[in-house]
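Colleague: Hi, I've just got this one open on my screen. Could you walk me through it?

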Amino acid sequence: MLELSLPAFEYKVKKQDGVVFIYDIIRKKYVKLTPEEWVRQHFVHYLICQKGFPQALIALEREIEVYGLKRRFDLVCYDRRGNPYLIVECKAAGVTLSQTVFDQVFGYNLILAAPYVAITNGIRHFCGHLDSNRQFCFLPEIPEFEDFPAL
């Protein structure tokens with residue numbers, strides 16, 4: 001797997017029938033280690049260890065319905081009341097973060113209505129929110145969990 005611009009973390013992997021799996025602390029099970037999963041696991045640990053997001057308020061790869069189509073979001077952080085607060089779309093390190101990726105996360109957000117969205121490929125990360133004029137405002141970095149307004 002490629003080195004990412006996210007902090008390293010201690011991870012557990014196992015190999016079964018020639019397939020490598022990584023332990024996911026959120027789902028509490030081993031999941032297939034793909035390039036996208038490598039980014040997702042790094043980003044989860046970054047949010048928990050560096051940004052103070054409570055592990056209990058993070059969900060990974062849950063199914064939602066968007067205009068009658070079943071979709072799976074990558075990562076959602078919830079606020080203290082259990083409402084979606086930050087949705088993150090993870091891509092493999094070799095994937096360019098394009099308008100298409102933003103469109104994907106905003107499509108999920110039509111249903112989730114999280115105030116903040118982020119995209120990452122493990123190398124670059126973008127986070128922001130819609131202002132009162134419905135214009136996307138980029139943030140210089142992912143905020144600390146404690147910096148999110150208490151709702």
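Colleague: Which strands form a hairpin with 4 residues between them?

Modeller: Strand 9 and strand 10 do, and G122 in the turn has a positive phi of about 85 degrees. Strands here are DSSP runs of E with at least two residues, helices are runs of H or I with at least four, and both are numbered from the N terminus. Bear in mind that this is a predicted model, where local features need pLDDT of at least 70, side-chain atom pairs count only at pLDDT 80 or more, and totals for chains, interfaces and linings use all residues. Residues are numbered from 1 along each chain as its sequence is written, and side-chain values use heavy atoms, with hydrogens and water left out.

Colleague: Thanks! How many bridges join strand 9 to strand 10?

Modeller: There are 5, between residues 116-120 and residues 125-130, and the two strands run antiparallel. T120 faces H125 across that pair. Two strands count as paired if DSSP finds at least two bridges between them.

Colleague: And what do strand 10 and strand 11 form?

Modeller: A hairpin with 5 residues between them; R134 in its turn has a positive phi of about 65 degrees. Their pairing is antiparallel over 4 bridges. L130 stands opposite F136, and G128 has F138 as its bridge partner.

Colleague: Let's zoom out. What is the strand order in the open sheet?

Modeller: The order is 4-7-8-9-10-11, so to speak a row of 6 strands with mixed pairing. At the edges are strand 4 (58-60) and strand 11, each pairing on one side only. On average, neighbouring strands are turned by 25 degrees against each other, direction ignored. For such angles, axes are lines fitted to C-alpha atoms (for helices over the stretch in contact), and the values run from 0 to 180 degrees between N-to-C directions.

Colleague: Which strands does helix 1 touch?

Modeller: Helix 1 (residues 35-49) packs on the sheet and touches strands 4, 7, 8, 9 and 10, with contact meaning heavy atoms within 4.5 Å. Its direction makes about 145 degrees with that of strand 8. Helix 2 also packs on the sheet, touching strands 7, 8, 9, 10 and 11, at about 150 degrees to strand 8.

Colleague: New topic: where is Y67?

Modeller: Y67 is in the loop between strand 5 (63-66) and strand 6 (69-72). Its phi is near 50 degrees, a positive value in a residue other than glycine.

Colleague: Is Y67 buried or exposed?

Modeller: Exposed, at 68% relative accessibility. The cut-offs are under 20% relative accessible area for buried, over 50% for exposed and partly exposed in between (1.4 Å probe, protein chains only).
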